[in-house]
Amino acid sequence: MQHPEKGAEKTSRRGFLGQALTAAGTAIAAPSLINQATAAKDTTQGSADEEGNMNVTLKVNGEQQTLTIEPRVTLLDALRERLGLVGSKKGCDHGQCGACTVLVDGQRIYSCLTLAVMQEGKEIVTIEGLAKGETLHPVQAAFIDHDGFQCGYCTPGQICASVALLDEVKRGCASVVTSDLTNPPQLSELSEAEIKERLSGNLCRCSAYNGIVAAVQQVAGQKPPSAAATVMVSKPKETPV
């Protein structure tokens, strides 16, 4: 009858020590865990609300715009749906057609492939921001002069890409078809092949490519080809019977 009592006493002692150590460990760890949880909560509240929305400030066409959006919102959707800048078009929404092209810090990007929250602190220019009041940007005027559009859906992206193209050439950027990488072409000698290659990321389903190339040539200071098509007419030869 003594063995159960000794066993119970021994088990009770172990339980007591275990509980004491657990309580001590909890007392030591609790402040650290509480501080970490508080810091995490403060960080979360500072970057997003309970619904996961974030406050983002974008500089678009020279104006600061503050938006409350989800982190997953693309720049294209922020421009069109939140700011009403519908010039940039949503074509493929996969970065394949170029209709959504805008300028960010002078570089052309597909706005459907970048998140709006990634563009804080950067200069964003859309098609609406190229003109100066009633004065069109030279590329815009050239597109009109050479009928560089038909349905017009791709035109905003084409114009933004062309503006970026001209700036890239001025900075000495080469392309895939540049024959001498140590001596990139100047605007005055930019070939038709160079222009086509540098604009290959923008599609025009109406096939207004000739007018687009001519518009770029005009702004580059070149003499664009005549818009009139050369038609070769010849009489068919008579086949002897």
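## Helices against the sheet

Helix 4, residues 155–170, lies across strand 3 and strand 4. The helix runs at about 40 degrees to strand 3. The model is predicted.

Helix 2 spans residues 75–82. Strand 1, strand 2, strand 3, strand 4 and strand 5 all lie under its path, since helix 2 lies across each of them. Its angle to strand 2 is about 100 degrees.

## The sheet

The sheet is open and has five strands. Their order is 2-1-5-3-4, and the pairing is mixed. Strand 2 (63–69) and strand 4 (107–110) stand at the edges. Each has a single partner strand, so one side of each is left without a neighbour in the sheet. From one strand to the next, the twist averages 40 degrees.

Both pairing senses can be seen in particular strand pairs. Strand 1 (residues 54–60) pairs with strand 5 (residues 123–125) in the parallel sense, over two bridges. There, V60 has I124 of strand 5 as its bridge partner. Strand 3 and strand 4 pair in the antiparallel sense, over four bridges. L103 has R108 of strand 4 as its bridge partner.

## Backbone with positive phi

Strand 3 and strand 4 form a hairpin with two residues between the strands. D105, in this hairpin, takes a positive phi near 55 degrees.

Two loop aspartates also have positive phi. D93 is in the loop between helix 2 and strand 3. Its phi is about 60 degrees, although D93 is not a glycine. D93 is partly exposed, with a relative accessible area of 35%. D147 is in the loop between helix 3 and helix 4. Its phi is near 50 degrees, again in a residue other than glycine. A glycine appears just after helix 6: G221 has a positive phi of about 90 degrees.

## Helix 6 and its cover

Helix 6 covers residues 209–219. Its buried residues are G211, I212, V213, A214, A215, V216 and Q217. They form an unbroken run in the numbering, from G211 to Q217.

What covers these buried residues? The cover includes helix 3 (138–145), helix 4 and helix 5 (192–198). Helix 4 thus has two roles in this account: it lies across strand 3 and strand 4, and it is part of the cover of helix 6.

## Cysteines

How many disulfides does a search of the whole structure find? It finds zero. C112 is in no disulfide; its nearest cysteine sulfur belongs to C100 and is 3.8 Å away. C112 counts as buried, at 7% relative accessibility.

C206 has its closest cysteine sulfur in C151. The separation is 3.7 Å, too far for a bond. The cut-off for a disulfide is 2.5 Å between the sulfur atoms. C206 is partly exposed, with a relative accessible area of 27%.

## The chain overall

The protein chain has six helices and five strands. From the N terminus on, its elements run α-β-β-α-β-β-β-α-α-α-α.

The chain has 241 residues, and 32% of them count as buried. Take the contacts between residues at least 6 apart in sequence: 54% of them join residues at least 24 apart. The chain exposes about 15300 Å². Carbon and sulfur atoms supply 55% of that area.

Key:
Residues numbered from 1 in each chain as written. Predicted model: local features only at pLDDT ≥ 70, side-chain atom pairs only at ≥ 80, totals over all residues. Heavy atoms only, no water. Pairing = 2+ DSSP bridges. Axes fitted to C-alpha atoms, helices over the stretch in contact; angles between N-to-C directions. Contact = heavy atoms within 4.5 Å. Buried < 20%, exposed > 50% of the residue type's maximum accessible area, 1.4 Å probe, protein only. Areas by Shrake-Rupley, 256 points an atom, 1.4 Å probe, with all protein chains shown as cover.
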